[in-house]
Amino acid sequence: MAAISFLGDLLQSISDRGRGLIAFGRGDLAKASVADVVKLCEDLISRRGEASGVALARIILDRYESFGRDDRHDFLRRIALDFGADHAAVEGAIAAYAKTPSRAALGRLHEAAEPRSQELIRRLNLARDGTIALVRMREDLFSLRDAARKADKPDPALAEAVESLDSDFEHLFASWFNRGFLVLRRIDWTTPAHILEKIIRYEAVHAISGWDDLRRRIEPPDRRCFAFFHPALLDEPLIFVEVALTTGIAAAIAPILAHDRQPTATREATTAIFYSISNCQKGLAGITFGNFLIKQVVEDLCREMPALKTFVTLSPVPGFRTWLDRERRSDAPQGLTREDVETLRLLDQPDWHADKTKAEAVKKALLPAAAYYFLRAKTARGKPVDPVARFHLGNGARLERLNFLGDVSPKGLSQGYGLMVNYLYDLGAIEKNHETYANLGTVSASLAVNRELRQNLPPARAVALAEA
């Protein structure tokens with residue numbers, strides 16, 4: 001940490017000295033328009049001096065941060081449209097390669113084809129705290145993309161340019177945030193308060209109601225929390241996972257989060273339950289952290305507690321209700337018999353889950369539908385419809401169990417009619433499961449899950465859903 005702080009201070013010193021080389025005062029900065037800042041970006045990617053480049057990058061980011069939403073969108077719109085590749089240079093490089101194919105000619109073609117926006121992002125990253133500023137900038141780019149899609153008259157050229165700029169961010173972030181740079185840290189009650197505050201704020205699966213709730217999740221000896229950090233974002237967790245150490249696989253979230261529960265002695269624990277995984281930085285969407293996180297946490301827990309034998313998740317099913325409601329309304333429902341459709345009308349009644357008779361009737365129709373949802377329903381790309389399923393199956397986990405009414409909180413009922421599932425990370429089968437899923441699209445599932453699937457149903461059809 002001291003070395004990182006020294007490097008940051010060194011960059012700041014370079015930046016301060018570099019400001020003297022730029023004819024742009026603080027008063028001018030406060031008045032700089034979007035067009036002025038775009039011109040500074042042109043200047044930045046044409047400069048050769050390191051000191052002035054660092055200073056100019058900080059000036060650009062400072063002014064961008066001061067912009068309101070509309071000006072930020074205007075800036076990103078201009079960068080997307082105007083900072084592409086030099087088409088004449090690309091054509092020349094293609095002709096040169098066609099005439100004399102060689103690695104050198106191919107290298108020149110690659111260099112010519114790279115959008116200028118990539119070089120701009122690299123130069124902006126030279127500024128102190130430039131990395132986190134760029135992560136936030138990509139969040140603004142998502143906002144611009146959404147606004148462009150909702151426009152009365154969508155602009156195809158802008159849409160293409162925004163997607164290309166987002167690809168530039170994702171390409172560079174994938175390198176800057178690769179596993180070799182990530183640091184795993186345990187989050188406990190001794191972790192600095194400002195980081196704990198962010199854990200509360202970033203929790204995306206089961207909301208943390210305050211400090212007492214957080215303490216119940218990280219202080220008891222049968223609870224763990226781990227997060228990945230990056231050296232350029234010291235106090236910003238990238239992703240974190242909450243773990244419960246138990247004596248068996250849990251089927252519901254309420255006992256894990258209960259205020260009055262009795263902690264399990266660590267010497268008795270045989271199972272580690274990953275019950276919440278939260279990505280913290282929206283601007284890093286598409287950059288994979290979770291698979292590395294789970295695997296390293298498993299390794300660390302095995303070293304700490306060799307008695308642990310079972311590693312399993314207790315996961316929400318965020319797309320299930322949307323899918324099931326669509327099939328219930330369909331003239332040709334997938335995964336449901338006509339009798340199931342009639343029975344599932346009970347879901348439209350308030351507090352159906354609190355009535356034992358209604359809940360039992362729903363269970364008999366809902367679990368077979370859930371099995372179909374996981375084992376047969378596919379996106380247009382042939383992947384499982386559920387985003388959480390895609391994540392864990394892609395990591396080599398096995399769909400182990402379907403848990404009816406595993407989460408009866410308002411959120412759990414609204415996104416999955418209370419359904420939760422367990423994904424089992426069998427250390428001896430992870431690689432095989434991953435390979436069969438990646439190469440064949442095979443969903444690894446337990447016999448119990450397969451038995452829930454109704455027989456003689458019509459073939460599955462692809463579902464037009466975005467893959468997260």
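What separates the centres of domain 1 and domain 3, taken over C-alpha atoms? I looked this up in what is a predicted model, and I noted 41 Å between the two centres.

**Entry on the whole chain**

I began with the domain assignment of the protein chain, which lists domain 1 as 32-177, domain 2 as 180-315 and domain 3 as 317-452. For the overall extent I took the principal axes, along which the C-alpha atoms fill a box of roughly 75 × 55 × 45 Å. I then went through the secondary structure and recorded 21 helices and 10 strands in the protein chain. The chain has 468 residues, and I found that 48% of them count as buried. I also looked at the contacts with a separation of 6 or more, and noted that 74% of them fall to residues 24 or more positions apart.

**Entry on helices α5 and α10**

Next I turned to helix α5 (residues 69-82) and helix α10 (residues 156-176), whose axes come within 8 Å and cross at roughly 90 degrees. Because angles of 65 to 115 degrees count as roughly perpendicular, I wrote down α5 as roughly perpendicular to α10. On the α5 side I listed Leu76, Arg77, Ile79, Ala80 and Leu81 as making the contact, and on the α10 side Ala157, Leu158, Ala161, Val162 and Leu165. Sorting this contact by class gave me 9 nonpolar residues, no polar ones and 1 charged residue.

**Entry on leucine 44**

I then chose leucine 44, which I located in helix α3 (residues 34-46). Is leucine 44 buried or exposed? I entered leucine 44 as buried, because its relative accessibility is 0% and the cut-off for buried is under 20%. Setting aside its neighbours within four places in sequence, I found leucine 44 in contact with Gly53, Leu56, Ala57, Ile60, Leu120, Arg123 and Leu124. For one of these partners, isoleucine 60, I also checked the backbone: isoleucine 60 lies 16 residues from leucine 44 along the chain, and their C-alpha atoms are separated by 9.2 Å.

**Entry on the cysteines**

Finally I asked how many disulfides a search of the whole structure finds, and the count came back as 0. Cysteine 280, accordingly entered as being in no disulfide, has the sulfur of cysteine 225 as its nearest cysteine sulfur, at 9.1 Å. I also looked at burial, and cysteine 280 counts as buried at 7% relative accessibility, while cysteine 41 is buried with a relative accessible area of 0%.

Conventions
Residues numbered from 1 in each chain as written. Predicted model: local features only at pLDDT ≥ 70, side-chain atom pairs only at ≥ 80, totals over all residues. Heavy atoms only, no water. Axes fitted to C-alpha atoms, helices over the stretch in contact; angles between N-to-C directions. Helix = DSSP H or I, 4+ residues; strand = E, 2+ residues; numbered from the N terminus. Parallel < 35°, antiparallel > 145°, perpendicular 65-115°, else oblique. Contact = heavy atoms within 4.5 Å. Nonpolar A, V, L, I, M, F, W, Y, C, P; charged D, E, K, R; others polar. Domains from an automatic or database assignment. Disulfide = S-S within 2.5 Å. Buried < 20%, exposed > 50% of the residue type's maximum accessible area, 1.4 Å probe, protein only.
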